[in-house]
Amino acid sequence: MSDVFANARQIQAEITAENPENAEQLEAFRIKYLGSKGILKNLMGEMASVPNDRKREYGQLVNAVKQTAEEKFLALREQFEAQASAFDIRTLDLTAPGEPLPIGSRHPVAVTMNRIVDIFSRMGFSVADGPEIEDDWHNFTAMNTPEDHPARDMQDTFYVVDAPGMLLRTHTSPVQARVMENRKPPIRIIAPGRVYRNETISTRSHCQFHQVEGLYIDKGVSFADLKQTLFNFAQEMFGATKIRLRPSFFPFTEPSAEMDIWLGTDTEKNYRLTKGTGWLEILGCGMVDPAVLEMCGIDPTEYSGFAFGMGIERQALRLYEIGDIRLLFENDVRFLRQFSSAI
Ligand code: DAH
């Protein structure tokens, strides 16, 4: 009877002495001792031959042997798994192509803005900017917009609560005033940026959008300079072959005009876009009103200049033939991804 006890102890010693060196050897170890036909099963089977008064003792011994085997198995399994996932320079293929990293893309509004900035910088304009939270004076007064002008209405402008005279700029034109206050002519700037209007959101308008402002002040600047500069822009930006300037009104320019580009009516798309006229409105412009120059500290008897302003979203819709302005603000990656090749 002492044989089965001795046998169990012998097996325990064997288990302790076992030294599996890799995952396969460990699996063989498991099958040998812990498998369904393994040695421990056999040891348990010997129970029948153990006298009743020693069965309990034998059971405890076999359990201890089993525990030794299980602990060894679990510890080694953990060790081999950790080794398998560890970085091993010997298995690294330095000639394999890299994993592609997902990269973002520029927003179509940013792409359009960059294009506009690029075209005007090649004509000698430099970029200027001003604050989005603007004061009443720069946004309206300096832009020759009278106190009772409807644009000043709460319906159209977001005023800052608890900060009298402060508002979210409704256009980029106040940058004109800020630049003129601080610099001497010649001045040749463009000012891209965000503007805000209290408008109901529709397919064509939004409360927050972007504009680019342009300003050129020097001695002897004429309407002909304005026309040539804008024609150059229309050619570069849209490939336009013809522009026209229609008389218009803006408080800060005199005379004022709106510029259309010629698309023609050859295609159905252009026919619809131009409402059958062939002409598409692009921007507002004019000669800087002498009252504006004077308010901003520039002598209108010595200097003259032109200004222009345009909404960037509108140009982006045109450039990429996007049907609904809201797509530009929703940040839906399925939409934005389509511009990943644009710079
Ligand atoms: N500020 C005008 C707007 O928001 C656009 C504009 C028109 C700007 C004529 C100008 C300009 O500088 O000369 O609608």
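1. In this predicted model, lysine 242 lies over the face of tryptophan 262, at a distance of 4.7 Å from the ring centre. The residues of strand 7 run from 253 to 262. Seven of the ten residues in strand 7 are buried, and the strand is therefore largely enclosed by the rest of the structure.

2. Strand 7 has strand 6 (residues 243–250) as an antiparallel partner, with seven bridges between the two. Strand 6 and strand 7 form a hairpin, and two residues lie between them. Within this pairing, phenylalanine 250 stands opposite threonine 253 of strand 7.

3. Strand 7 also pairs with strand 8 (residues 279–288), again in the antiparallel sense, over eight bridges. Here aspartate 260 stands opposite glutamate 281, a residue of strand 8.

4. The loop between strand 7 and helix 9 (268–273) contains aspartate 266. With a relative accessibility of 78%, aspartate 266 counts as exposed; the cut-off for that class is over 50%. Aspartate 266 and arginine 326 are 60 residues apart along the chain, and 28 Å separates their C-alpha atoms.

5. Strand 9 (304–311) is mostly covered, with six of its eight residues buried. Strand 8 and strand 9 run antiparallel and are joined by four bridges. Strand 5 (208–218) is likewise antiparallel to strand 9, and eight bridges join these two. Alanine 307 of strand 9 figures in both pairings: glycine 286 stands opposite alanine 307, and alanine 307 is also the bridge partner of leucine 215.

6. Helix 11 covers residues 312–320. Its buried residues are Ile312, Glu313, Gln315, Ala316, Leu317 and Arg318. The elements that cover these buried residues include helix 5 (108–122), strand 5, helix 8 (223–238), strand 8 and strand 9. Charged residues thus appear in the buried set, among them Glu313 and Arg318. After helix 11 comes glutamate 321, which has a positive phi, near 55°.

7. The structure holds 14 aromatic pairs. One of them is formed by phenylalanine 5 and tyrosine 58, which meet edge-to-face, at 5.4 Å centre to centre and with 75° between the planes. Phenylalanine 5 belongs to helix 1 (residues 2–17) and tyrosine 58 to helix 4 (residues 52–85), so this pair ties together parts that are 53 residues apart in sequence. Both rings belong to buried residues: phenylalanine 5 has a relative accessible area of 3%, and tyrosine 58 has a relative accessibility of 0%. The ring of phenylalanine 5 has a further neighbour, since the charged end of arginine 54 sits over it, 4.0 Å from its centre.

8. A second aromatic pair involves tyrosine 320 and phenylalanine 339. Their ring centres are 5.0 Å apart and their planes stand at 80°, so the pair is edge-to-face; the class requires an angle over 60 degrees. Tyrosine 320 lies in helix 11, whereas phenylalanine 339 lies in the segment after helix 12 (333–336), so the pair ties together parts 19 residues apart in sequence. The two residues fall into separate accessibility classes: tyrosine 320 is partly exposed, with a relative accessible area of 27%, while phenylalanine 339, at 7% relative accessibility, counts as buried.

9. Which residues do ring pairs link into a cluster? They are Phe120, Phe125, Tyr216, Phe233, Phe238, Phe306 and Phe308.

10. The ligand has 15 residues around it, of which His171, Ser173, Arg197, Gln211 and Glu213 come nearest. Three side chains have a polar atom placed against a ligand oxygen. For arginine 197, an N or O atom of the side chain is 2.8 Å from an oxygen atom of the ligand. For glutamine 211, a polar side-chain atom lies 3.0 Å from a ligand oxygen. For glutamine 176, the distance between a side-chain N or O atom and an oxygen atom of the ligand is 3.1 Å.

How values were computed. Residues numbered from 1 in each chain as written. Predicted model: local features only at pLDDT ≥ 70, side-chain atom pairs only at ≥ 80, totals over all residues. Heavy atoms only, no water. Phe/Tyr/Trp six-rings, centres within 6.5 Å; stacked < 30°, edge-to-face > 60°. Buried < 20%, exposed > 50% of the residue type's maximum accessible area, 1.4 Å probe, protein only. Lys NZ or Arg CZ within 6 Å of the ring centre and 35° of its normal. Pairing = 2+ DSSP bridges. Contact = heavy atoms within 4.5 Å. Near = heavy atom within 4 Å. Polar contact = N/O pair within 3.5 Å; in protein donor to acceptor, adjacent residues only side chain to side chain.
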